[in-house]
Amino acid sequence: MSDVEWNKGREYVAITDHTPYYDWEMKLHRDDRVLFLSHYDQFWGYGKHVSSGRKAYFLKCLVHDPQLPPLSREQIKQAILQTHNAEYFDAYNNYWIHHLMLSDAPRTLAYKDAILTAARAGLLEGKIVLDIGCGSGILSAFCALAGAKHGEILYSEKD
Ligand SMILES: C[S@@+](CC[C@H](N)C(=O)[O-])C[C@H]1O[C@@H](n2cnc3c(N)ncnc32)[C@H](O)[C@@H]1O
């Protein structure tokens, strides 16, 4: 998709059907035309669905410039994968979801219990923990409380 040049007021064509995950997202059928209006960010554009007239956000990797050679099956597969990734990571791109996870006491306390059990078995003392997909960092905080030396955190750019 990197070959696509984005020009406001130009029409692009959907490469596949797409059922929106968000209510502000554009529903697409393969070959639908989308009038590009503006960029939201690296992944999302804002445009008008030509036949319905509805304006909405759409993932830029789901449309193609009809003046370029058509995409191969593999390129379409990659674009669909990119769509799933973008929607997945956008789901964590707000405080609300992290607050919801932290407030889910059975979930959060089960992690805390597991970490304290590991600490009682001597597995954490002086160790450096790697918290992959740390979100709020709560698991690193539990590890630090349980005696870990410190936590290295890895978070997505959307967190
Ligand atoms: C279910 S949440 C858990 C967050 C936190 N560990 C907690 O327990 O509250 C999963 C987190 O992993 C992050 N994540 C998922 N895949 C990731 C990846 N490949 N690289 C970095 N972060 C990732 C998400 O963005 C999200 O914040």
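How many of the 16 residues of H3 are buried? Just one, so to speak: H3 is hardly covered, with a count of one buried residue among its 16. Here "buried" means that 20 or more other C-beta atoms lie within 10 Å of a residue's own, "exposed" means 12 or fewer, and "partly exposed" is in between, with C-beta atoms placed from the backbone.

**Before you click**

You are looking at a predicted model, where local features need pLDDT of at least 70, side-chain atom pairs count only at pLDDT 80 or more, and totals for chains, interfaces and linings use all residues. Residues are numbered from 1 along each chain as its sequence is written.

**Stop 1: the helix**

Select residues 105–120, which make up helix H3. Helices (H or I, at least four residues) and strands (E, at least two) are DSSP runs, numbered from the N terminus. The expected span of a helix is 1.5 Å times one less than its number of residues. For H3 that gives 22 Å, and its end C-alpha atoms are 22 Å apart, so the two agree. Now click on Gly 122, which follows H3 and has a positive phi, near 80°.

**Stop 2: two domains**

Colour 11–90 as domain 1 and 95–154 as domain 2; these bounds come from an automatic or database domain assignment. Their C-alpha centres lie 38 Å apart. For a distance across the chain, try Lys 60 and Leu 116: they are 56 residues apart along the chain, and their C-alpha atoms are separated by 45 Å.

**Stop 3: the cores**

A nonpolar core is a set of buried Ala, Val, Leu, Ile, Met, Phe, Trp, Tyr and Cys residues joined through C-beta atoms within 7 Å. The largest one here has 13 residues, and those touching the most other members are Ala 14, Leu 28, Val 34, Phe 58, Leu 59, Leu 62 and Val 63. Strands E1 (11–14), E2 (33–39) and E4 (55–59) each supply at least two residues of this core. A second, separate core has six residues, including Ile 115, Leu 139, Phe 142 and Cys 143. In soluble globular proteins, nonpolar side chains tend to be buried together.

Zoom in on Ala 14. Leaving out residues up to four places away in sequence, Ala 14 touches residues including Leu 28, Asp 31, Val 34 and Leu 62; a contact means C-beta atoms, placed from the backbone, within 7 Å.

**Stop 4: loops and a strand**

Asp 31 sits in the loop between E1 and E2. Its phi is positive, near 75°, in a residue other than glycine. Asp 31 counts as exposed because it has 11 C-beta neighbours inside 10 Å.

Next, pick Asp 41, in the loop between E2 and strand E3 (44–49). Why is Asp 41 exposed? Because there are 10 other C-beta atoms within 10 Å.

Move on to Lys 48, in strand E3. With 18 C-beta neighbours inside 10 Å, Lys 48 is partly exposed. Among the residues that Lys 48 touches are Leu 35 and Lys 55.

Finish this stop at Lys 60, in the loop between E4 and strand E5 (63–64). Buried or exposed? Lys 60 is buried, because it has 25 C-beta neighbours inside 10 Å.

**Stop 5: the ligand**

Select the ligand and the 13 residues that surround it, each with its C-beta atom, placed from the backbone, within 6 Å of the molecule. The closest are Tyr 92, Met 101, Gly 133, Gly 135 and Ser 156. The shell divides into eight nonpolar, four polar and one charged.

Technical notes. Two residues are in contact if their C-beta atoms, placed from the backbone, lie within 7 Å. Ala, Val, Leu, Ile, Met, Phe, Trp, Tyr, Cys and Pro count as nonpolar, Asp, Glu, Lys and Arg as charged, and the others, Gly among them, as polar.
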